[in-house]
Amino acid sequence: MLQYEVLKHELNEKQAALDELKDALGLERLREEVEMLENKAAEPGFYDNMESAQKILQKTAALKQKDETYLNLVSRCEDTLTLIEMGNEEEDLSLLPEAQEEVEAIGKEIETMRLTTLLTGEYDSKNAILTFHAGFL
């Protein structure tokens with residue numbers, strides 16, 4: 001059915017964006033860094049300096065969260081593709097709204113992740129205070 005084909009095409013574009021995002025996130029490097037940090041955490045005396053240990057554990061958790069978010073998104077894409085193909089094969093239009101919602105949600109999540117790749121600097125996780133002053137130029 002045409003509606004499912006259009007939706008499948010949209011999802012394929014989102015999957016291509018997701019592949020680009022994988023490179024932008026540097027997931028291979030990220031996974032290596034997680035492994036290194038976990039090895040450091042397993043060393044004797046790691047918890048002797050609690051402040052340092054806490055920073056390392058927080059960084060490890062943040063990196064793992066980024067990886068999990070990406071993997072969950074990939075899984076959602078695969079599940080949505082299955083739903084689209086099933087609806088198309090069965091010619092069941094009742095699945096179309098659910099598939100459309102999921103494709104839109106995936107697109108929004110990809111955009112959110114893309115934004116986080118831009119905000120990876122030292123101070124990007126911190127709050128900011130903006131001040132606006134009225135006046136003439």
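In which helix is the place of N88? In this predicted model, N88 belongs to helix 3, and the close-up views below begin with this residue.

**View 1. N88 of helix 3 and its partners from other parts of the sequence.** The side chain of N88 is joined to the side chain of E5 by a polar contact of 2.9 Å. When the neighbours within four places in sequence are left aside, the residues in contact with N88 are M1, Y4 and E5, so that E5 appears both in this list of contacts and as the partner in the polar contact.

**View 2. The largest nonpolar core of the model.** This core has 29 residues, and those with the most contacts inside it are L11, L18, I84 and I110. Two or more residues are given to the core by each of helix 1 (2-25), helix 2 (27-41), helix 3 (50-90) and helix 4 (96-118), and it is helix 3 that gives the most, with 9 residues. In soluble globular proteins, nonpolar side chains tend to be buried together. For I84, once the neighbours within four places in sequence are set aside, the contacts are Y4, L7, K8, L11, A99 and V103.

**View 3. I106, a buried residue of helix 4.** I106 counts as buried because its relative accessible area is 0%, which is under the cut-off of 20%. Not counting residues up to four places away in sequence, I106 touches L11, K14, L73, R76, C77 and T80. Although I106 and K14 are 92 residues apart along the chain, their C-alpha atoms are separated by 7.6 Å.

**View 4. D67 of helix 3 and its contact with R31.** D67 has a relative accessibility of 14% and therefore counts as buried, since buried means under 20%. A polar contact of 2.8 Å joins the side chain of D67 to that of R31. If residues up to four places away in sequence are not counted, D67 touches L27, L30 and R31. The C-alpha atoms of D67 and L30 are separated by 7.8 Å, while the two residues are 37 residues apart along the chain.

**View 5. A nonpolar patch on the surface.** Y47, M50 and L57 together make this patch, which covers about 310 Å². Y47 lies in the loop between helix 2 and helix 3, and Y47 counts as partly exposed because its relative accessibility is 47%, a value that falls between the cut-offs of 20% and 50%.

Notes: Residues are numbered from 1 along each chain as its sequence is written. This is a predicted model: local features need pLDDT of at least 70, side-chain atom pairs count only at pLDDT 80 or more; totals for chains, interfaces and linings use all residues. Side-chain values use heavy atoms; hydrogens and water are left out. A nonpolar core is a set of buried Ala, Val, Leu, Ile, Met, Phe, Trp, Tyr and Cys residues joined through side-chain atoms within 4.5 Å. Buried means under 20% relative accessible area, exposed over 50%, partly exposed in between (1.4 Å probe, protein chains only). Helices (H or I, at least four residues) and strands (E, at least two) are DSSP runs, numbered from the N terminus. Contact means heavy atoms within 4.5 Å. Patches are made of residues with over 30% relative accessible area and no salt bridge: like charges are joined within 9 Å, nonpolar side chains (Val, Leu, Ile, Met, Phe, Trp, Tyr) within 5 Å. Accessible areas come from the Shrake-Rupley method with a 1.4 Å probe; for residues, only the protein chains shown count as cover. A salt bridge is a side-chain nitrogen of Lys or Arg within 4 Å of a carboxyl oxygen of Asp or Glu. A polar contact is a pair of N or O atoms within 3.5 Å; within protein, one must be able to donate a hydrogen and the other to accept it, and residues adjacent in sequence count only if both atoms are side-chain atoms.
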